[in-house]
Each structure stands twice: as C-alpha cells, then as structure tokens.
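Biologist: I'd like to go through the labels people put on a structure and hear the reasoning behind them. Can we take a few, one at a time?

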Amino acid sequence: MAKILIIEDDKDLNAAYALILNAESHTVQSAYNGSEALVLLKNFNPDLILLDLLMPVKSGVEFIKEYAKSGSDHAKIVIFTNLENSPEINEALELGAYKCIVKSWTAPRGLIKVVNDLLSEPLRAQIREN
Amino acid sequence: MEETTNKLSDQSSNILSKESEARLEALLTSIGEGLIATDERGIITRVNRVALLTLGLKKSDVLGKRYREVMVDVYEDGSRVPNVNLPITRAFLSGNTVNDHLFCLRSDQTIFPISVCVSPIMLHGKPVGAIQLFRDISDDVITDNIKADFMSIASHQLRTPLSAINTYAHLINDGYGGPLTADSKIFLDVILSAAYRMNELIDTLLNITRVESGSLMVDPAPVNLKNLVKHIVEEIKHSAEEKNIDLKIKFGRRIPIVNTDSLLVQEVLANLLSNAIKYTGDGGSVLVTLTSRSTDVLFKVKDNGYGVPADSQKYIFKKFFRASNITSKEPNGTGLGLYLISMIAEALDGEVWFQSKVNQGSTFYFSLPHKGSNKKDGKFKLQRVGK
C-alpha cells in the first residue's frame with residue numbers, strides 16, 4: 001500500500017479524504033497548508049500528494065515550486081480544487097501535477113479510483129523550470 | 001421654350017438630388033454605429049462620423065481608399081484576419097448578412113474589440129458592394145470580464161461548502177459511518193440528489209457566463225462523430241436503464257470526420273439525450289440517429305415522451321424557461337440546458353431545432369456543417385457539466 005500526503009486547509013475535507021484512504025490501507029498524513037506540508041516531508045516520503053490550491057500561509061502552487069527544489073520530490077501530485085479554468089491550475093499542471101479534480105464532484109469511489117490509477121501510472125519526469 | 005423647361009427641370013433635379021444627398025448624409029451621420037460602405041471592388045464610397053471617430057481618421061483618409069487600407073481587422077493577438085475570412089468578404093461572396101466579433105487596429109496602433117454586421121448591397125440580383133456597421137465593444141468586454149470573474153469566484157465559494165456536503169453524504173451512503181436504515185437511505189438520497197443538482201447548476205451557470213461573454217474557446221480537431229455518439233450514449237445509458245427506457249442508436253451511411261470541437265459537441269448531445277430521458281415516462285423509447293446530408297451532419301434525438309405544448313414551443317430556447325406540462329412532472333430542471341446548448345451550437349457554426357407534440361414526444365435536431373466549425377480563441381474551455 002502507498003504513502004499519501006493530503007494538503008488541504010478545509011479540516012473536514014482533509015479528515016474525510018484521510019478516512020477514505022486509510023480504509024484502503026494506505027498510510028496517510030495530513031497537512032493544512034503548503035508550509036506545514038514541507039515540514040512534514042522532512043520525515044515522510046509519500047508516493048502521492050493530494051494538493052489543494054488556495055490555502056493560507058503557502059498556496060498549492062508555491063508548495064509545488066518548493067517541493068521541486070527539495071530534490072526529494074518523488075511523489076505524484078494530484079490537484080484537488082474548486083477552481084476551474086484558472087491560471088493556478090494551469091501553472092500547477094505545467095509544474096508537473098498529474099491531474100486536476102473538482103472537489104465538489106468527488107465521491108469516495110471517485111477518489112479511490114483517481115488514487116489507484118495514479119499509483120499504477122509510471123512516474124514521469126516533472127518539469128522544473130522555476 | 002423646350003430648352004427653358006429642360007434647364008428648369010435639370011436645376012430642380014439637381015436641387016432634389018442635393019436635397020436627397022443631404023438627407024442621406026444626415027441619416028448616415030445620425031446612426032449610432034460606425035458605417036462603411038464599399039463598391040464591388042472594395043473601394044470605400046461612404047463613411048459616417050461614428051466610424052471616423054472610432055477609427056481615429058478623417059473623411060479624406062477614408063473615401064476612395066480600399067477597405068483593407070482603412071479598416072485593419074485583426075485577431076486578438078494582433079495578426080491580420082485573412083481577406084477570405086473578413087466579414088465584408090464573406091458577406092459579399094455569400095450574398096448573406098454576416099455578424100461577427102473581431103478586433104480592429106486604430107490609427108494610433110491600439111487594438112480594440114468590435115462587433116460587426118455586414119450586408120451585401122444587391123442590385124438586380126447582383127452584389128454591387130457591401131455595407132458594414134460596426135461598434136467598439138470595449139466597455140461590453142470589460143463588463144463581461146467582470147461578470148465572468150465574479151461568477152468564477154462565486155462558484156468557487158459555493159462549491160467549498162458543497163464539497164463537504166457531497167463528500168460526507170457519500171461517506172454515509174457508502175457505509176463509512178456504519179449501516180443505514182431504509183429510511184435513512186431514502187433521506188440521504190434526497191441530500192445527494194440536491195447536492196448533485198447544485199453542482200450541476202453551478203457548472204451550467206459558469207458555462208453560460210462564458211458563452212455569453214464570448215470568452216468560450218472553440219478548438220476544432222478532426223472528430224469521429226460515430227464514436228462520440230457511442231461514448232455519450234454509454235455515459236448516459238444508466239439513466240435510461242433506471243426508467244426502463246429503450247435507448248437505441250442508428251447511424252446513416254458514410255458519416256464524415258468533421259473538424260469540430262469534440263468537448264462542445266459532447267455537451268450538446270449529452271444535454272439533448274439527458275432531456276429526452278428526463279422528459280420521457282418509464283418504459284418509453286429514445287432513438288439517437290446520426291446521418292450525413294448534402295452539406296452537414298445531422299444528429300436527431302427522438303423520444304416518445306411528454307412533448308412540448310404548442311404555446312411553449314417558441315420560448316423553449318429562452319433562459320430559465322420551462323414548459324408548463326413538465327414543471328409538475330420534473331420540478332428540478334433549471335430551464336438553462338437548452339439555452340446553453342443553443343448558444344454552443346451557434347459557437348460551433350451549427351444549429352439546434354425541434355419538433356414536438358404533447359404526449360407524443362419530441363425530436364431535437366442538431367446539425368454541424370461538413371466544413372467544420374471555425375476556431376475561436378476564447379479564454380475558457382467549456383466545463384462539461386458533472387465531468
């Protein structure tokens with residue numbers, strides 16, 4: 001089973017995603033903004049990161065940029081956001097995020113499918129121009 | 001005597017002609033939109049004050065010059081619109097009125113958006129020139145952008161609490177909180193269904209804002225329409241199965257590959273099909289047909305459902321309109337779906353229309369030209385509702 005980091009400032013949603021993924025026997029850690037996530041990553045090396053974009057302290061895009069600089073950015077990143085057609089989404093995808101999911105439409109089965117599909121997908125080189 | 005009469009007649013003709021000319025000039029000047037008229041060679045023969053003000057030119061800069069020397073029609077990126085794509089060329093060649101939105105390069109090198117309406121001037125059945133009305137729509141574009149930005153922010157804020165409602169309702173439904181009683185399951189279905197409709201409404205409103213503001217992208221590529229129909233039917237067949245509706249597909253011969261925007265065509269078809277299923281009673285039938293005609297392909301969605309009453313038919317593509325006979329049967333519709341798809345069809349250079357009889361059913365038609373859809377460099381892609 002995989003190691004997954006959830007970075008989502010909405011505590012209720014963060015808890016729900018953790019519950020669903022724990023029930024699938026994944027090892028899950030939660031952070032509530034990009035800064036907290038970077039601290040957690042010193043001792044946790046996830047296979048997959050579920051990342052919100054609009055968060056206080058450090059946004060999703062800022063997180064991706066700093067994570068890329070860390071040199072240990074082995075995790076696949078999937079964006080969970082309620083934004084749509086926004087520059088933030090485009091930037092996150094250009095920076096190497098694999099997929100973007102609209103949170104308000106996500107059900108547990110959908111989340112599990114996205115996670116399983118991405119875990120089985122081969123790792124691709126992430127773009128790090130920044 | 002005769003000579004004198006002729007002289008008087010010539011003088012009065014001149015006076016009348018000058019009077020007519022002055023009246024025509026006054027009429028053209030008082031038009032609130034820019035006006036440029038050309039002869040059949042594209043030489044400008046008339047221009048009004050609004051056109052000169054909008055373009056930042058003097059009358060002497062314009063009259064007798066070629067249209068392209070005066071009116072620099074460009075795309076948003078500043079590249080020139082090719083001659084064949086100019087509305088004035090299209091109107092002249094087709095003999096039809098052409099409406100379009102594009103950009104124009106002013107004499108001070110600034111680019112501004114314009115709305116254009118060009119009609120050919122016909123004499124004895126032949127085009128002898130064209131007349132173009134145009135308007136600087138910069139203020140409209142700013143207003144539309146503010147509206148689109150507001151909708152984007154509002155939809156994000158609405159989706160935030162909806163995400164928690166939807167996710168937790170699904171958690172309960174999927175048994176993460178333990179087993180449910182039969183009644184709890186019924187209550188929960190109401191919450192899930194309301195959350196679904198709310199999500200759907202937000203997506204639709206966002207799409208409408210984008211289409212209305214003209215910021216919707218049309219990105220044509222070769223599309224296999226047969227595969228597209230199969231895909232949409234597969235996507236929606238569970239709704240038909242729930243109502244025991246017999247859903248069938250029929251293809252005509254030699255359906256061409258059409259250069260169009262697959263995402264937009266899917267939205268139109270999914271919407272027509274979903275309506276057919278929604279507004280057909282249990283055990284009914286829905287038939288989707290795709291055929292190729294002389295200049296276009298035709299999608300037909302035929303049902304034997306409730307139909308549209310005659311007095312409602314002319315309003316069916318209006319925003320928020322719902323036919324009187326279905327509000328009691330299906331209270332949850334928004335009246336936005338057909339409005340949205342009629343605008344998408346137009347953006348694709350296609351058409352949507354229908355025939356219907358109450359209690360016998362409806363047939364909705366959606367045509368797309370063989371030559372495909374024109375590319376439109378909008379800011380936004382359509383978000384397929386619920387996808």
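**Reasoning behind the labels**

Modeller: Sure. Start with Q109(B), which sits in the loop between β4 (98-105) and β5 (111-123) of chain B. Keep in mind that this is a predicted model.

Biologist: Why is Q109(B) called exposed?

Modeller: Exposed takes 12 or fewer other C-beta atoms within 10 Å. Q109(B) has 9, so the label fits. Its phi is positive too, about 75°, although Q109(B) is not a glycine.

Biologist: And what makes R254(B) exposed?

Modeller: The cut-off is 12 or fewer, and R254(B) has 7 other C-beta atoms within 10 Å, so it counts as exposed. You'll find R254(B) in the loop between β8 and β9 (258-260) of chain B. Here as well phi is positive, about 50°, and the residue is not a glycine.

Biologist: How do you know that β11 and β13 of chain B pair?

Modeller: Pairing takes at least two bridges. Seven join β11 (residues 296-303) to β13 (residues 361-369) in chain B, and these strands run antiparallel, so they pair. Within them, K300(B) stands opposite Y365(B).

Biologist: What is the strand order in the open sheet of chain B?

Modeller: Five strands, β8-β10-β11-β13-β12, with mixed pairing.

Biologist: Why are β8 and β12 of chain B said to stand at the edges?

Modeller: Each has a single partner strand, so one side of β8 (246-251) and one side of β12 (351-357) have no neighbour in the sheet. From one strand to the next, the twist averages 15°.

Note on methods
Residues numbered from 1 in each chain as written. Chains lettered and ligands numbered in written order. Predicted model: local features only at pLDDT ≥ 70, side-chain atom pairs only at ≥ 80, totals over all residues. Helix = DSSP H or I, 4+ residues; strand = E, 2+ residues; numbered from the N terminus. Axes fitted to C-alpha atoms, helices over the stretch in contact; angles between N-to-C directions. Buried ≥ 20, exposed ≤ 12 C-beta atoms within 10 Å, placed from the backbone.
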